[in-house]
Amino acid sequence: MNSRAIAEQIFLAGVESVLPDKLITKEMSLQDNCLKIGHLSFSLETIENIYVIGAGKASAMMGAEVEKILGDRITEGHIVVKYGHSCKLKYINVSEAGHPVPDANGFRATREILKIAEIANWSDLVICLLSGGGSALLPDIPENSSPEDMIKVNDLLINSGASISEINAVRKHLSVVKGGQLARIVYPATLVNLILSDVPGDSLDVIASGPTVPDPTTFLQALAV
C-alpha cells in the first residue's frame, strides 16, 4: 500500500469517527422512560416538554439522530444550517442560512430559536445541538445596530486574518445570543448541550461563539481585537 492510500485511509477513518450518527447514539439513549445524555439521566415522567434547538453545518444531521431516539416526545424544535446542509426532519424545523457571512434567513432563524428558548419553563428540557459554523448561522441584531451592520462586521472579521478565538470574542460582544446569553434565556428550563467541535483545543466558549456556556472574554478584549 502506497503513502497516498494510507493517508486516505487515515483521513476517512477520522471522518467516520466523528459522523453525527455515531456521536449522538454514543452519547444519547432512551430506555423505558429514562433519557441518558452522557453521564446525565432524566426521567421523562418529570419532563413536561422537550425542545431541540441548534445551529451549525452538522446540526441538522445531529437533529436527525435525536429524532430517531426521541421521536414524538419532541414538543418543538428549530435548527439552522448552511445552505445545502439540511435534511428532512419530522419534529424539528430546519432553516438554511448564510455562512460564513450571515444573511436575512439567519436572523429570521435566530428569532425562531429565541421564541422556543423564551417559552421553555422549569419543567422542560432543552437540547441544544451545536457544530462548526454556528457563529454565522445564529446571528442577531443587538440594540442600536442593523442587519447591514452585523453583516459588514462579520465580513470584516473573517477577512481580517484574526484567529477564530479573536473573531468570536468580538462576535460574542456584539450579540444578545452568543457568549452564554442563549442559556440565560432558556433558564429556568434544564439545558443540555451536544457540541461537535471544529475548534483547536475544543474551547466550548469559542465553538459557535459559545451561546450556551460562560464567556471568559471581556469587552476590552473584543475592542483590542
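**Cavity and pockets of a predicted model**

In this predicted model, the count comes to 1 cavity of 30 Å³ or more.

Q: What makes the largest cavity one that enters the count of cavities of 30 Å³ or more?
A: The count takes cavities of 30 Å³ or more. The largest cavity has a volume of about 90 Å³, and it therefore meets that cut-off.

Q: Why is Met150 called a lining residue of the largest cavity?
A: A lining residue has an atom within 4 Å of a point of the cavity. Met150 is among the 13 residues that line the largest cavity, and with Asn154, Arg171, Leu174 and Lys178 it lies nearest the centre. Helix H6 (residues 147–158) gives the most to this lining, with 4 residues.

Q: How is the lining of the largest cavity divided by class?
A: It has 7 nonpolar, 3 polar and 3 charged residues.

Q: Why is Glu27, in the lining of the largest pocket, classed as charged?
A: Glu counts as charged, as do Asp, Lys and Arg, so Glu27 falls in that class. The lining of this pocket divides into 11 nonpolar, 3 polar and 1 charged. The pocket has a volume of about 300 Å³, and S8 supplies the largest share of its lining, 5 residues.

Q: Why is Gly133, in the lining of the second largest pocket, classed as polar?
A: The polar class includes Gly, so Gly133 belongs there. By class, this lining has 9 nonpolar, 7 polar and 3 charged residues. Its largest share, 4 residues, comes from H7.

Key. Residues numbered from 1 in each chain as written. Predicted model: local features only at pLDDT ≥ 70, side-chain atom pairs only at ≥ 80, totals over all residues. Heavy atoms only, no water. 1 Å grid on protein atoms, 1.4 Å probe; cavity = no way out; pocket = protein on both sides within 12 Å on 5 of 7 lines; lining within 4 Å. Points joined across faces, edges and corners; volume = space filled by probe spheres on them. Helix = DSSP H or I, 4+ residues; strand = E, 2+ residues; numbered from the N terminus.
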